[in-house]
Amino acid sequence: MFDKLQEIEKRYEKLMTLISDPSVQSDQNEYRTHTKHLSEIQPLIENFREYKTVVSEVAQVNELLDGDDNELRELAEQEVAVLNSRRDELLATIKVLLLPKDPNDEKNVMLEIRAGTGGDEAGLFAADLFRMYARFAEAQSWRVEVLSVHETGVGAIKEIVALIEGPRVYSRLKYESGVHRVQRVPATEASGRIHTSTATVAVLPEAEELDVHIEQKDLRIDTFCSSGPGGQSVNTTYSAVRITHIPTGLVVSQQDEKSQIKNKAKAMKVLRSRIYEIELQNQQEEIAEDRRGQVGTGERSEKIRTYNFPQNRITDHRIGFTTHKLPAVLDGELAEIIETVVTHFQSEKLKATESDTTK
(Lines give C-alpha, C1' and ligand atoms only; values in the text may rest on other atoms or scores of the structure.)
Protein backbone atom coordinates (compact mmCIF):
# COMPACT_ATOMS: atom_id res chain seq x y z
CA MET A 1 0.00 0.00 0.00
CA PHE A 2 2.80 2.44 0.90
CA ASP A 3 4.61 1.73 -2.38
CA LYS A 4 1.41 2.68 -4.18
CA LEU A 5 1.09 5.85 -2.09
CA GLN A 6 4.64 6.87 -2.94
CA GLU A 7 3.90 6.39 -6.64
CA ILE A 8 0.80 8.56 -6.35
CA GLU A 9 2.81 11.19 -4.49
CA LYS A 10 5.35 11.28 -7.34
CA ARG A 11 2.50 11.71 -9.81
CA TYR A 12 1.10 14.53 -7.64
CA GLU A 13 4.46 16.35 -7.65
CA LYS A 14 4.74 15.92 -11.42
CA LEU A 15 1.24 17.39 -11.90
CA MET A 16 2.14 20.34 -9.66
CA THR A 17 5.15 21.01 -11.89
CA LEU A 18 3.07 20.68 -15.06
CA ILE A 19 0.39 23.17 -14.05
CA SER A 20 3.12 25.70 -13.28
CA ASP A 21 4.49 25.38 -16.80
CA PRO A 22 3.49 28.42 -18.94
CA SER A 23 3.06 26.20 -22.03
CA VAL A 24 0.53 24.04 -20.15
CA GLN A 25 -1.27 27.08 -18.73
CA SER A 26 -1.71 28.44 -22.24
CA ASP A 27 -3.55 25.26 -23.30
CA GLN A 28 -6.85 25.37 -21.40
CA ASN A 29 -7.82 21.77 -22.20
CA GLU A 30 -4.50 20.34 -21.01
CA TYR A 31 -4.46 22.62 -17.96
CA ARG A 32 -8.02 21.63 -17.04
CA THR A 33 -7.18 17.93 -17.40
CA HIS A 34 -4.14 18.18 -15.11
CA THR A 35 -5.92 20.26 -12.45
CA LYS A 36 -8.81 17.77 -12.44
CA HIS A 37 -6.43 14.86 -11.82
CA LEU A 38 -4.66 16.93 -9.19
CA SER A 39 -7.88 17.65 -7.30
CA GLU A 40 -8.79 13.95 -7.36
CA ILE A 41 -5.61 12.80 -5.60
CA GLN A 42 -4.96 15.86 -3.44
CA PRO A 43 -7.01 14.65 -0.40
CA LEU A 44 -5.11 11.36 -0.48
CA ILE A 45 -1.71 13.05 -0.66
CA GLU A 46 -2.58 15.54 2.11
CA ASN A 47 -3.56 12.67 4.43
CA PHE A 48 -0.51 10.60 3.43
CA ARG A 49 1.87 13.48 4.14
CA GLU A 50 0.29 14.18 7.51
CA TYR A 51 0.50 10.44 8.27
CA LYS A 52 4.27 10.48 7.56
CA THR A 53 4.68 13.55 9.77
CA VAL A 54 2.81 11.89 12.65
CA VAL A 55 4.85 8.67 12.31
CA SER A 56 8.04 10.76 12.48
CA GLU A 57 6.78 12.59 15.58
CA VAL A 58 5.91 9.28 17.26
CA ALA A 59 9.48 8.06 16.69
CA GLN A 60 10.90 11.26 18.20
CA VAL A 61 8.66 11.15 21.27
CA ASN A 62 9.38 7.44 21.78
CA GLU A 63 13.03 8.36 22.38
CA LEU A 64 11.96 10.34 25.44
CA LEU A 65 10.36 7.22 26.93
CA ASP A 66 13.82 5.75 27.53
CA GLY A 67 14.97 8.76 29.60
CA ASP A 68 15.34 8.95 33.38
CA ASP A 69 13.10 11.99 33.86
CA ASN A 70 9.81 10.52 35.18
CA GLU A 71 7.80 13.71 34.57
CA LEU A 72 9.07 14.02 31.02
CA ARG A 73 8.42 10.33 30.40
CA GLU A 74 4.80 10.70 31.61
CA LEU A 75 4.23 13.64 29.26
CA ALA A 76 5.78 11.63 26.43
CA GLU A 77 3.42 8.71 27.09
CA GLN A 78 0.41 11.02 26.88
CA GLU A 79 1.67 12.60 23.65
CA VAL A 80 2.38 9.20 22.08
CA ALA A 81 -1.17 8.08 22.84
CA VAL A 82 -2.59 11.16 21.09
CA LEU A 83 -0.24 10.76 18.12
CA ASN A 84 -1.01 7.03 17.76
CA SER A 85 -4.73 7.79 17.74
CA ARG A 86 -4.25 10.41 15.02
CA ARG A 87 -2.03 8.01 13.04
CA ASP A 88 -4.74 5.33 13.11
CA GLU A 89 -7.39 7.84 12.00
CA LEU A 90 -5.24 8.96 9.08
CA LEU A 91 -4.50 5.38 8.06
CA ALA A 92 -8.21 4.54 8.03
CA THR A 93 -8.93 7.62 5.88
CA ILE A 94 -6.12 6.73 3.48
CA LYS A 95 -7.49 3.20 3.01
CA VAL A 96 -10.91 4.60 2.14
CA LEU A 97 -9.41 7.12 -0.30
CA LEU A 98 -7.52 4.28 -2.01
CA LEU A 99 -10.74 2.38 -2.73
CA PRO A 100 -11.62 2.14 -6.44
CA LYS A 101 -13.73 5.17 -7.37
CA ASP A 102 -17.31 4.74 -8.51
CA PRO A 103 -17.25 6.34 -11.99
CA ASN A 104 -20.75 7.68 -11.38
CA ASP A 105 -19.90 9.54 -8.15
CA GLU A 106 -19.30 12.81 -9.99
CA LYS A 107 -22.60 12.66 -11.87
CA ASN A 108 -25.83 14.55 -11.32
CA VAL A 109 -28.82 12.40 -10.41
CA MET A 110 -32.31 11.70 -11.61
CA LEU A 111 -34.44 11.43 -8.45
CA GLU A 112 -37.70 9.49 -8.83
CA ILE A 113 -40.17 9.22 -5.95
CA ARG A 114 -43.40 7.22 -6.21
CA ALA A 115 -46.22 6.66 -3.75
CA GLY A 116 -46.42 3.01 -2.69
CA THR A 117 -48.96 1.20 -0.55
CA GLY A 118 -51.20 3.25 1.72
CA GLY A 119 -53.53 5.26 -0.52
CA ASP A 120 -53.65 9.03 -0.01
CA GLU A 121 -51.26 8.81 2.94
CA ALA A 122 -48.61 7.26 0.66
CA GLY A 123 -49.00 10.21 -1.71
CA LEU A 124 -48.57 12.68 1.14
CA PHE A 125 -45.47 10.81 2.32
CA ALA A 126 -44.02 10.89 -1.21
CA ALA A 127 -44.46 14.67 -1.16
CA ASP A 128 -42.75 14.83 2.25
CA LEU A 129 -39.78 12.85 0.93
CA PHE A 130 -39.38 15.09 -2.11
CA ARG A 131 -39.49 18.18 0.10
CA MET A 132 -36.84 16.58 2.35
CA TYR A 133 -34.45 15.92 -0.54
CA ALA A 134 -35.14 19.32 -2.11
CA ARG A 135 -34.34 21.09 1.18
CA PHE A 136 -31.17 19.00 1.59
CA ALA A 137 -30.12 19.83 -1.97
CA GLU A 138 -30.72 23.52 -1.30
CA ALA A 139 -28.44 23.34 1.75
CA GLN A 140 -25.71 21.81 -0.46
CA SER A 141 -26.15 24.58 -3.07
CA TRP A 142 -27.34 21.99 -5.59
CA ARG A 143 -29.85 22.84 -8.31
CA VAL A 144 -33.19 20.98 -8.42
CA GLU A 145 -35.28 20.89 -11.59
CA VAL A 146 -38.63 19.09 -11.54
CA LEU A 147 -39.00 17.23 -14.83
CA SER A 148 -42.44 15.76 -14.24
CA VAL A 149 -44.95 15.48 -11.41
CA HIS A 150 -48.27 13.68 -11.04
CA GLU A 151 -50.27 15.18 -8.20
CA THR A 152 -53.26 13.27 -6.80
CA GLY A 153 -54.73 15.72 -4.30
CA VAL A 154 -53.96 18.57 -1.96
CA GLY A 155 -50.28 18.13 -1.15
CA ALA A 156 -50.14 14.51 -2.38
CA ILE A 157 -47.92 13.15 -5.15
CA LYS A 158 -48.30 9.90 -7.06
CA GLU A 159 -44.96 10.31 -8.85
CA ILE A 160 -42.31 12.98 -9.24
CA VAL A 161 -39.09 12.99 -11.28
CA ALA A 162 -36.45 15.66 -10.67
CA LEU A 163 -32.91 16.36 -11.87
CA ILE A 164 -30.47 17.34 -9.12
CA GLU A 165 -27.28 19.01 -10.34
CA GLY A 166 -24.15 19.79 -8.35
CA PRO A 167 -20.71 18.51 -7.31
CA ARG A 168 -20.67 14.78 -6.49
CA VAL A 169 -24.44 14.54 -6.06
CA TYR A 170 -24.59 10.83 -6.87
CA SER A 171 -21.85 10.02 -4.34
CA ARG A 172 -24.02 11.46 -1.57
CA LEU A 173 -27.46 10.22 -2.62
CA LYS A 174 -26.81 6.83 -4.24
CA TYR A 175 -27.70 4.84 -1.12
CA GLU A 176 -31.11 6.53 -0.77
CA SER A 177 -32.68 4.17 -3.31
CA GLY A 178 -35.20 1.80 -1.77
CA VAL A 179 -38.55 1.53 -0.01
CA HIS A 180 -39.14 4.20 2.63
CA ARG A 181 -41.85 3.43 5.21
CA VAL A 182 -43.82 5.89 7.32
CA GLN A 183 -45.82 5.19 10.48
CA ARG A 184 -48.11 8.00 11.63
CA VAL A 185 -51.70 8.98 12.36
CA PRO A 186 -53.24 10.46 9.18
CA ALA A 187 -54.99 13.81 9.51
CA THR A 188 -58.20 12.12 8.34
CA GLU A 189 -58.04 9.35 10.96
CA ALA A 190 -60.52 10.32 13.65
CA SER A 191 -59.74 7.37 15.93
CA GLY A 192 -56.05 8.16 16.11
CA ARG A 193 -55.00 4.82 14.60
CA ILE A 194 -51.41 4.64 13.36
CA HIS A 195 -51.27 4.06 9.61
CA THR A 196 -48.33 2.47 7.76
CA SER A 197 -47.62 3.43 4.17
CA THR A 198 -44.65 3.45 1.82
CA ALA A 199 -42.98 5.34 -1.00
CA THR A 200 -40.17 4.23 -3.28
CA VAL A 201 -37.10 6.34 -4.01
CA ALA A 202 -34.86 5.75 -7.03
CA VAL A 203 -31.59 7.63 -7.43
CA LEU A 204 -30.24 7.22 -10.96
CA PRO A 205 -26.96 8.70 -12.21
CA GLU A 206 -27.76 11.16 -14.98
CA ALA A 207 -26.70 9.57 -18.26
CA GLU A 208 -25.12 11.68 -20.95
CA GLU A 209 -25.44 10.85 -24.63
CA LEU A 210 -21.92 9.41 -24.52
CA ASP A 211 -22.92 7.03 -21.68
CA VAL A 212 -25.92 5.53 -23.47
CA HIS A 213 -26.27 5.19 -27.24
CA ILE A 214 -29.92 5.15 -28.28
CA GLU A 215 -30.81 4.32 -31.88
CA GLN A 216 -33.53 6.51 -33.33
CA LYS A 217 -35.11 3.42 -34.92
CA ASP A 218 -35.58 1.99 -31.39
CA LEU A 219 -37.84 4.87 -30.34
CA ARG A 220 -41.55 5.38 -30.85
CA ILE A 221 -42.49 9.02 -30.21
CA ASP A 222 -46.14 9.96 -29.75
CA THR A 223 -47.50 13.46 -29.18
CA PHE A 224 -50.74 14.36 -27.45
CA CYS A 225 -52.51 17.26 -25.79
CA SER A 226 -51.47 18.20 -22.29
CA SER A 227 -53.91 17.62 -19.45
CA GLY A 228 -54.40 19.42 -16.14
CA PRO A 229 -53.58 23.05 -15.25
CA GLY A 230 -51.57 25.02 -17.75
CA GLY A 231 -53.60 27.80 -19.34
CA GLN A 232 -54.80 28.15 -22.91
CA SER A 233 -52.38 25.62 -24.40
CA VAL A 234 -53.94 22.72 -22.48
CA ASN A 235 -55.94 20.39 -24.74
CA THR A 236 -55.31 22.67 -27.75
CA THR A 237 -51.73 21.89 -28.83
CA TYR A 238 -49.92 18.58 -29.16
CA SER A 239 -47.05 19.63 -26.89
CA ALA A 240 -47.00 16.56 -24.63
CA VAL A 241 -44.59 13.78 -25.61
CA ARG A 242 -44.54 10.04 -24.92
CA ILE A 243 -41.36 8.16 -25.84
CA THR A 244 -41.27 4.35 -25.92
CA HIS A 245 -37.93 2.56 -26.04
CA ILE A 246 -38.91 -0.53 -28.02
CA PRO A 247 -36.06 -2.91 -26.98
CA THR A 248 -36.67 -2.44 -23.25
CA GLY A 249 -40.33 -1.41 -23.25
CA LEU A 250 -39.52 1.66 -21.15
CA VAL A 251 -42.06 4.47 -21.54
CA VAL A 252 -41.44 8.10 -20.53
CA SER A 253 -44.07 10.84 -20.76
CA GLN A 254 -43.47 14.56 -20.41
CA GLN A 255 -46.03 17.37 -20.58
CA ASP A 256 -44.89 20.05 -18.13
CA GLU A 257 -43.54 22.38 -20.83
CA LYS A 258 -45.66 24.18 -23.44
CA SER A 259 -43.00 23.39 -26.05
CA GLN A 260 -42.97 19.94 -27.63
CA ILE A 261 -39.20 20.27 -28.19
CA LYS A 262 -38.54 20.97 -24.50
CA ASN A 263 -40.80 18.10 -23.43
CA LYS A 264 -38.96 15.74 -25.76
CA ALA A 265 -35.55 16.86 -24.43
CA LYS A 266 -36.67 16.29 -20.81
CA ALA A 267 -38.17 12.89 -21.67
CA MET A 268 -34.92 11.82 -23.34
CA LYS A 269 -32.95 12.80 -20.21
CA VAL A 270 -35.13 10.53 -18.09
CA LEU A 271 -35.06 7.71 -20.65
CA ARG A 272 -31.26 7.76 -20.93
CA SER A 273 -30.88 7.54 -17.14
CA ARG A 274 -33.33 4.63 -16.89
CA ILE A 275 -31.57 2.69 -19.64
CA TYR A 276 -28.23 3.45 -17.99
CA GLU A 277 -29.58 2.06 -14.70
CA ILE A 278 -30.60 -1.17 -16.45
CA GLU A 279 -27.09 -1.54 -17.86
CA LEU A 280 -25.59 -0.97 -14.40
CA GLN A 281 -27.89 -3.59 -12.89
CA ASN A 282 -26.89 -6.07 -15.57
CA GLN A 283 -23.26 -5.48 -14.63
CA GLN A 284 -24.11 -6.03 -10.97
CA GLU A 285 -25.67 -9.39 -11.82
CA GLU A 286 -22.19 -10.58 -12.78
CA ILE A 287 -21.00 -10.01 -9.21
CA ALA A 288 -21.36 -12.77 -6.63
CA GLU A 289 -24.42 -12.51 -4.37
CA ASP A 290 -22.47 -12.03 -1.16
CA ARG A 291 -20.18 -9.41 -2.69
CA ARG A 292 -23.17 -7.54 -4.12
CA GLY A 293 -24.63 -7.39 -0.64
CA GLN A 294 -21.39 -5.99 0.73
CA VAL A 295 -21.10 -3.15 -1.76
CA GLY A 296 -24.76 -2.24 -1.33
CA THR A 297 -26.70 -1.97 -4.57
CA GLY A 298 -29.64 -0.18 -2.93
CA GLU A 299 -32.29 -2.21 -4.76
CA ARG A 300 -35.69 -0.60 -4.54
CA SER A 301 -37.30 -3.84 -3.32
CA GLU A 302 -35.53 -3.39 0.01
CA LYS A 303 -37.21 -1.58 2.91
CA ILE A 304 -34.35 0.66 3.86
CA ARG A 305 -35.80 3.19 6.31
CA THR A 306 -38.74 3.78 8.65
CA TYR A 307 -40.05 7.19 9.70
CA ASN A 308 -42.01 6.68 12.93
CA PHE A 309 -43.90 9.83 13.95
CA PRO A 310 -45.33 8.69 17.34
CA GLN A 311 -41.80 7.92 18.57
CA ASN A 312 -40.14 10.83 16.70
CA ARG A 313 -37.78 8.20 15.29
CA ILE A 314 -36.05 7.43 12.00
CA THR A 315 -34.34 4.04 11.63
CA ASP A 316 -32.16 2.94 8.76
CA HIS A 317 -32.59 -0.84 8.75
CA ARG A 318 -29.51 -1.58 6.64
CA ILE A 319 -27.06 -0.31 9.24
CA GLY A 320 -29.14 -0.26 12.43
CA PHE A 321 -28.84 3.53 12.76
CA THR A 322 -31.55 5.42 14.68
CA THR A 323 -32.06 9.13 15.29
CA HIS A 324 -34.83 10.96 17.15
CA LYS A 325 -34.71 14.10 15.02
CA LEU A 326 -37.54 13.24 12.65
CA PRO A 327 -38.96 16.78 12.07
CA ALA A 328 -35.47 18.19 11.42
CA VAL A 329 -34.59 15.38 8.99
CA LEU A 330 -37.82 15.83 7.03
CA ASP A 331 -36.96 19.53 6.88
CA GLY A 332 -33.77 18.66 5.02
CA GLU A 333 -31.26 18.04 7.82
CA LEU A 334 -30.27 14.74 6.27
CA ALA A 335 -26.49 15.04 6.45
CA GLU A 336 -25.97 12.87 9.56
CA ILE A 337 -27.94 9.94 8.13
CA ILE A 338 -26.34 10.19 4.71
CA GLU A 339 -22.80 10.42 6.07
CA THR A 340 -23.40 7.46 8.41
CA VAL A 341 -24.78 5.31 5.57
CA VAL A 342 -21.97 6.28 3.18
CA THR A 343 -19.34 5.53 5.84
CA HIS A 344 -20.92 2.13 6.51
CA PHE A 345 -20.85 1.06 2.87
CA GLN A 346 -17.32 2.39 2.43
CA SER A 347 -16.28 0.21 5.38
CA GLU A 348 -17.98 -2.80 3.78
CA LYS A 349 -16.12 -2.18 0.53
CA LEU A 350 -12.89 -1.86 2.48
CA LYS A 351 -13.50 -5.19 4.24
CA ALA A 352 -14.22 -6.84 0.90
CA THR A 353 -11.04 -5.38 -0.62
CA GLU A 354 -8.90 -6.47 2.31
CA SER A 355 -10.50 -9.94 2.18
CA ASP A 356 -9.62 -10.24 -1.51
CA THR A 357 -5.99 -9.26 -0.90
CA THR A 358 -5.56 -11.97 1.74
CA LYS A 359 -6.87 -14.76 -0.49
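**Exercise 1. In which loop does Asp105 lie?**

Before you start, note that this is a predicted model, where local features need pLDDT of at least 70, side-chain atom pairs count only at pLDDT 80 or more, and totals for chains, interfaces and linings use all residues. Residues are numbered from 1 along each chain as its sequence is written, and side-chain values use heavy atoms, with hydrogens and water left out.

Solution, step by step:

- Helices (H or I, at least four residues) and strands (E, at least two) are DSSP runs, numbered from the N terminus. Asp105 sits in the loop between H4 and strand E1 (109-115).
- Next, check its exposure. Asp105 counts as buried because its relative accessibility is 10%; buried means under 20% relative accessible area, exposed over 50%, partly exposed in between (1.4 Å probe, protein chains only).
- Now look for partners. Contact means heavy atoms within 4.5 Å. Skipping neighbours within four places in sequence, Asp105 is in contact with Arg168, Val169, Tyr170, Ser171 and Lys174.
- Finally, the side chains of Asp105 and Lys174 are joined by a polar contact of 2.9 Å. A polar contact is a pair of N or O atoms within 3.5 Å; within protein, one must be able to donate a hydrogen and the other to accept it, and residues adjacent in sequence count only if both atoms are side-chain atoms.

**Exercise 2. Follow helix H3 and describe its span, its kink and its cover.**

Solution, step by step:

- Start with the span. H3 covers residues 28-64, 37 residues in total, and reaches 53 Å from its first C-alpha to its last, close to the 54 Å expected at 1.5 Å a residue. The expected span is 1.5 Å times one less than the number of residues.
- At the N-terminal end, Asp27 acts as a cap: one of its side-chain oxygens lies 3.2 Å from the backbone nitrogen of Asn29.
- Moving along, you meet a kink of about 40 degrees at Ile41, shortly before the proline Pro43. The bend at a residue is the angle between axes fitted to the seven residues ending there and the seven starting there.
- The buried residues of H3 include His34, Leu38, Ile41, Leu44 and Phe48. Their cover includes helix H1 (2-19), helix H2 (22-25) and helix H4 (70-97).
- Zoom in on H1, where you'll find Leu15. Leu15 is buried, with a relative accessible area of 7%. Setting aside neighbours within four places in sequence, Leu15 touches His34, His37, Leu38 and Ile41.

**Exercise 3. Find His180 and work out what surrounds it.**

Solution, step by step:

- Locate His180 in strand E4 (residues 178-184).
- Its relative accessible area is 0%, so His180 is buried.
- The side chain of His180 reaches the backbone oxygen of Glu176 at 3.0 Å.
- Beyond neighbours within four places in sequence, the contacts of His180 include Phe125, Leu129, Tyr133, Ser197 and Tyr307.
- Now turn to H5 (residues 120-139), a helix of 20 residues. Phe125, Leu129 and Tyr133 are among its buried residues.
- After H5 comes Ser141, with a positive phi near 65 degrees.

**Exercise 4. Zoom out to the whole protein.**

Solution, step by step:

- Count the elements: there are 10 helices and 11 strands.
- Of the 359 residues, 39% are buried.
- Among contacts between residues at least 6 apart in sequence, 61% join residues at least 24 apart.
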